Amino acid sequence: MPCWRARAAGVTRMVVTGASRADNPKALALALAHPGLLWATAGVHPHHAAEYTDECDAELRALHAHAEVVAVGECGLDYFRDLSPRPAQHKAFERQLQLAADLHAAGHTKPLFLHQRDAHGDFIAMMRNFDGRLGAVVVHCFTGTREELFDCLDRDWHIGITGWLCDERRGAHLRELVKHIPANRLMIETDAPYLLPRTLKPMPKDRRNEPAFLPHIAEEIARDRGDAVASIAAATRATAEAFFGLPAA
Ligand SMILES: [Zn+2]
């Protein structure tokens, strides 16, 4: 089972991303089955935005009654693939921001786990409508420009870095940018089963990414920042634990 390989690799606490109506309950079930090892998020990814109905909104709100569901999302905007029509993306994102704002107003603040690709301007504008009404924010799997990075950091958001930075074709710019992310705003993630790091050796035959490969991303980031791997591992762990509000180990 992958979590045993992850634990053997030193990855001992993980947050499983829920990104669709079908998968959110599965992410929660995993978290409930592995207390202290796994937690879940619940949200609707922009690719699935068309499924965001009133019923879906109610399902999400019920999922967020569980303490094991530690963030709202994955949600956001994706104009790169445009798998859902943009009006549907805007509606689904807006409703999940409202859900997060409602939790915050009720004293049950949960951070937001956000996806943004080729939609920075609209993304910032929609977030601005909720200024002061949300908890902490992470822009997960950051792949954007220097200007976009500083826009996010100026708003005190967290930045999630994946094995994208190991992709010499499209992620090379991140190797310079990661130096500018304060340690208390930097989180690392695999985006498994996607984004197998292209610098991983040996490569698994099935090309499937998994949490056990997270240390490879920590090593690459440490090298780019000129930090010790152990200090990046400790800092990103502490930042993620504080962000998601995980109990002390
Ligand atoms: Zn994403």
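Biologist: Is F123 buried or exposed, and what is its relative accessible area?
Modeller: This is a predicted model. Buried means under 20% relative accessible area. F123 falls under that cut-off, so it is buried, with a relative accessible area of 1%.

Biologist: How are the rings of F123 and W157 arranged?
Modeller: Their centres lie 5.9 Å apart, with the planes at 80°. Planes over 60 degrees apart count as edge-to-face. So the F123 and W157 pair is edge-to-face.

Biologist: And how are the rings of F93 and F123 arranged?
Modeller: Here the centres are 5.7 Å apart and the planes sit at 5°. The cut-off is under 30 degrees. The F93 and F123 pair is therefore stacked.

Biologist: Which residues form one aromatic cluster?
Modeller: F93 is in helix α4 and F123 in helix α5, 30 residues apart. W157 is in the loop between α6 and β6. The cluster consists of F93, F123 and W157.

Biologist: Which residues coordinate the zinc ion?
Modeller: The donors follow the spacing E-x40-H-x24-H along the chain. They bind at 1.9 to 2.1 Å. The residues are E74, H115 and H140.

Biologist: How many residues apart in sequence are the parts that E74 and H140 tie together?
Modeller: E74 lies in strand β3, and H140 in the loop between β5 and α6. E74 is buried at 5%, and H140 is buried at 2%. The parts they tie together are 66 residues apart in sequence.

Biologist: Which ring does the charged end of R170 sit over?
Modeller: The charged end of R170 is 3.8 Å from the ring centre. That ring belongs to W164.

Definitions and conventions:
Residues numbered from 1 in each chain as written. Predicted model: local features only at pLDDT ≥ 70, side-chain atom pairs only at ≥ 80, totals over all residues. Heavy atoms only, no water. Donors = N, O, S within 2.8 Å, 3.2 Å for Na, K, Ca; no water. Helix = DSSP H or I, 4+ residues; strand = E, 2+ residues; numbered from the N terminus. Buried < 20%, exposed > 50% of the residue type's maximum accessible area, 1.4 Å probe, protein only. Phe/Tyr/Trp six-rings, centres within 6.5 Å; stacked < 30°, edge-to-face > 60°. Lys NZ or Arg CZ within 6 Å of the ring centre and 35° of its normal.
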